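Dear colleague,

I am passing on the structure we spoke about, with notes on what came out of it. Please look it over before reading on.

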Amino acid sequence: MYIDLPTGQISYHYHTRHQSLFEGLPTYEKEWDGHDKEAVHARLAAMWKGSGAE
């Protein structure tokens, strides 16, 4: 599963038993940007910080 945030692309894997939760969503067409787990965490933190949330 890929998500485009204002701070960049992130992705997560899900178990096949959860596949039905994502049925009907459009296919993600962009290429993976090479992010790793640390980049995902940094992008989420930057988005959280930019939201004004504590």
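**Overall picture**

The protein chain has one helix and two strands as its secondary structure. Their order along the sequence is β-β-α. Please keep in mind that this is a predicted model.

The radius of gyration of the protein chain is 13 Å, whereas a compact globule of 54 residues would have one near 10 Å. The C-alpha trace spans about 35 × 25 × 20 Å along its principal axes. Of the 54 residues in the protein chain, 13% are buried. Among contacts with a separation of 6 or more, 57% are between residues 24 or more positions apart.

The exposed surface of the protein chain comes to about 4700 Å², and 57% of that is supplied by carbon and sulfur atoms. As for charge, there are 5 positive and 8 negative side chains in the protein chain. The centres of these two sets are 6 Å apart.

**R43 and its surroundings**

R43 sits in helix α1, which covers residues 37-50. Is R43 buried or exposed? Its relative accessibility is 19%, and the cut-off for buried is under 20%, so R43 counts as buried. The value is given here with the cut-off so that you can judge the assignment yourself.

The side chain of R43 has a polar contact with the side chain of D33, at 2.8 Å. Leaving aside residues up to four places away in sequence, R43 touches T7, G8, Q9, I10, D33 and H35. Two of these, T7 and H35, are taken up below.

**T7**

T7 belongs to the loop between β1 (2-5) and β2 (8-11). With a relative accessible area of 30%, T7 is partly exposed. T7 and R43 are 36 residues apart along the chain, yet their C-alpha atoms are separated by 5.3 Å.

What does the side chain of T7 reach at 2.8 Å? The partner is the backbone oxygen of R43. Again not counting residues up to four places away in sequence, T7 touches R43, A46 and M47.

W48 is also placed in helix α1. At 51% relative accessibility, W48 counts as exposed, because the cut-off for exposed is over 50%. From W48 to T7 the C-alpha distance is 9.8 Å, and the two are 41 residues apart in sequence.

**H35**

H35 lies in the loop between β2 and α1. Its relative accessible area is 8%, so H35 is buried.

Which side chains make polar contacts with that of H35? One is the side chain of S11, at 2.8 Å. Another is the side chain of W32, at 3.4 Å. Beyond residues up to four places away in sequence, H35 touches Y2, Q9, I10, S11, V40 and R43.

**Reading these together**

Q9 and I10 are among the residues touched by R43, and H35 touches Q9 and I10 as well. R43 and H35 also touch each other. On the loop between β1 and β2, T7 is in contact with R43 and reaches the backbone oxygen of R43 with its side chain. R43 thus has listed contacts with T7 and with H35, and its side chain has a polar contact with D33.

Regards

Note on methods. Residues are numbered from 1 along each chain as its sequence is written. This is a predicted model: local features need pLDDT of at least 70, side-chain atom pairs count only at pLDDT 80 or more; totals for chains, interfaces and linings use all residues. Side-chain values use heavy atoms; hydrogens and water are left out. Helices (H or I, at least four residues) and strands (E, at least two) are DSSP runs, numbered from the N terminus. The radius of gyration is taken over C-alpha atoms; the globule rule is 2.2 Å times the number of residues to the power 0.38. Buried means under 20% relative accessible area, exposed over 50%, partly exposed in between (1.4 Å probe, protein chains only). Contact means heavy atoms within 4.5 Å. Accessible areas come from the Shrake-Rupley method with a 1.4 Å probe; for residues, only the protein chains shown count as cover. Lys and Arg count as positive and Asp and Glu as negative; His and the chain ends are not counted. The place of a charge is taken as NZ of Lys, CZ of Arg, CG of Asp or CD of Glu. A polar contact is a pair of N or O atoms within 3.5 Å; within protein, one must be able to donate a hydrogen and the other to accept it, and residues adjacent in sequence count only if both atoms are side-chain atoms.
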